[in-house]
Amino acid sequence: QVQLVESGGGLVQAGGSLRLSCAASGRAFGSYTMGWFRQAPGKEREFVARIRSSGESTSYADSVKGRFTISRDNAKNMVYLQMNSLQPEDTAVYYCAAAPVSGNGRYVYWGQGTQVTVSS
């Protein structure tokens, strides 16, 4: 069982930056692939970024590539999403999620989300 709590959301002007954090509690944090997802009003939840268990591999949605950076600190049970050059279309609730590396890649644990609002 893993509990995830996101923080760091807020209101920022276009072109600004935010850093989201996700604190994980529970066992064996290092055995999970961690991901960030987002859901804008009236839209489906979409993938943003993910990082493998030891941090050796990352991937990003095309819409955020070059602007967002995912990282993790397994010693602190933390995952981060550095978001630069934010645009109004990045406005959404951002969720942290965990997928067991021994599973089929499905994200089974989710946080409650943190709101990011980018004003134009």
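These are my notebook entries on a few places I looked up in this structure, which is a predicted model.

**Entry 1: the four-stranded sheet**

I began with a sheet and asked in which order its strands run. I found an open sheet of four strands in the order E1-E3-E8-E7, with antiparallel pairing. At its edges stand strand E1 (2–7) and strand E7 (68–73), and each has a single partner strand, so one side of each is left without a neighbour in the sheet. I also looked up the twist: neighbouring strands of this sheet are turned by 15° against each other on average, direction ignored. A reminder to myself: strands of a sheet pair through backbone hydrogen bonds, either parallel or antiparallel.

Next I followed one pair within the sheet. E7 and E8 are joined in the antiparallel sense over six bridges. In this pairing I noted Ile 70, which stands opposite Leu 81 in E8.

**Entry 2: Leu 81 and the core**

Leu 81 made me curious, and I looked up what else it touches. Not counting residues up to four places away in sequence, Leu 81 touches Leu 18, Arg 19, Leu 20, Trp 36, Val 48, Ala 49, Phe 68, Thr 69, Ile 70 and Tyr 94.

Then I turned to the largest nonpolar core and asked which of its residues touch the most other members. The core has 31 residues, and the answer is Leu 4, Met 34, Trp 36, Leu 81, Met 83 and Tyr 94. Which elements give two or more residues to this core? They are E1, E3, strand E4 (32–39), strand E5 (46–51), E7, E8, E9 and strand E11 (114–119). As general background, I jotted down that nonpolar side chains in soluble globular proteins tend to be buried together.

**Entry 3: the disulfide**

How many disulfides does a search of the whole structure find? It finds one. This disulfide joins Cys 22 to Cys 96, with an S to S distance of 2.1 Å. The pair links distant parts of the chain: Cys 22 belongs to strand E3 (residues 18–26) and Cys 96 to strand E9, 74 residues apart.

I checked the handedness as well. The torsion about the S-S bond of Cys 22 and Cys 96 is about -80°, so the disulfide is left-handed. Are its two ends buried or exposed? Cys 22 is buried, with a relative accessible area of 0%, and Cys 96 counts as buried at 0% too.

**Entry 4: strand E11 and its partners**

I came back to E11, one of the strands that feed the core. Its covered face holds Thr 114, Val 116 and Val 118, while Gln 115, Thr 117 and Ser 119 make up the uncovered one. I then looked for pairing. With strand E2 (residues 10–13), E11 pairs in the parallel sense over four bridges, and Gly 10 stands opposite Val 116. With E9, E11 pairs in the antiparallel sense over three bridges. Here the bridge partner of Ala 92 is Val 116. I was pleased to meet Val 116 in both pairings.

**Entry 5: Thr 91**

Just before E9 I stopped at Thr 91, which sits in the loop between strand E8 (78–83) and strand E9 (92–100). Why does Thr 91 count as buried? Its relative accessibility is 19%, and buried means under 20%.

I looked up its polar surroundings next. A polar atom of the Thr 91 side chain lies 2.9 Å from the backbone oxygen of Pro 88. The side chain of Thr 91 also reaches the backbone nitrogen of Val 118, at 2.9 Å. Leaving aside neighbours within four places in sequence, Thr 91 is in contact with Ala 40, Gln 115, Val 116, Thr 117 and Val 118.

**Entry 6: other loop residues**

Two loop residues caught my eye for their backbone angles. Most residues other than glycine have a negative phi. Asn 77, in the loop between E7 and E8, has a positive phi of about 55° although it is not a glycine. Ser 85 lies in the loop between E8 and E9, and its phi is a positive value near 50°. Ser 85 is partly exposed, with a relative accessible area of 37%.

My last stop was Val 101, in the loop between E9 and strand E10 (109–110). At 46% relative accessibility, Val 101 counts as partly exposed. Leaving aside neighbours within four places in sequence, I found it in contact with Ser 31, Tyr 32, Thr 33 and Ser 53.

Conventions. Residues are numbered from 1 along each chain as its sequence is written. This is a predicted model: local features need pLDDT of at least 70, side-chain atom pairs count only at pLDDT 80 or more; totals for chains, interfaces and linings use all residues. Side-chain values use heavy atoms; hydrogens and water are left out. Buried means under 20% relative accessible area, exposed over 50%, partly exposed in between (1.4 Å probe, protein chains only). A polar contact is a pair of N or O atoms within 3.5 Å; within protein, one must be able to donate a hydrogen and the other to accept it, and residues adjacent in sequence count only if both atoms are side-chain atoms. Contact means heavy atoms within 4.5 Å. Two strands pair if DSSP finds at least two bridges between them. Axes are lines fitted to C-alpha atoms, for helices over the stretch in contact, and angles run from 0 to 180 degrees between N-to-C directions. A disulfide is a pair of cysteine sulfur atoms within 2.5 Å. A nonpolar core is a set of buried Ala, Val, Leu, Ile, Met, Phe, Trp, Tyr and Cys residues joined through side-chain atoms within 4.5 Å.
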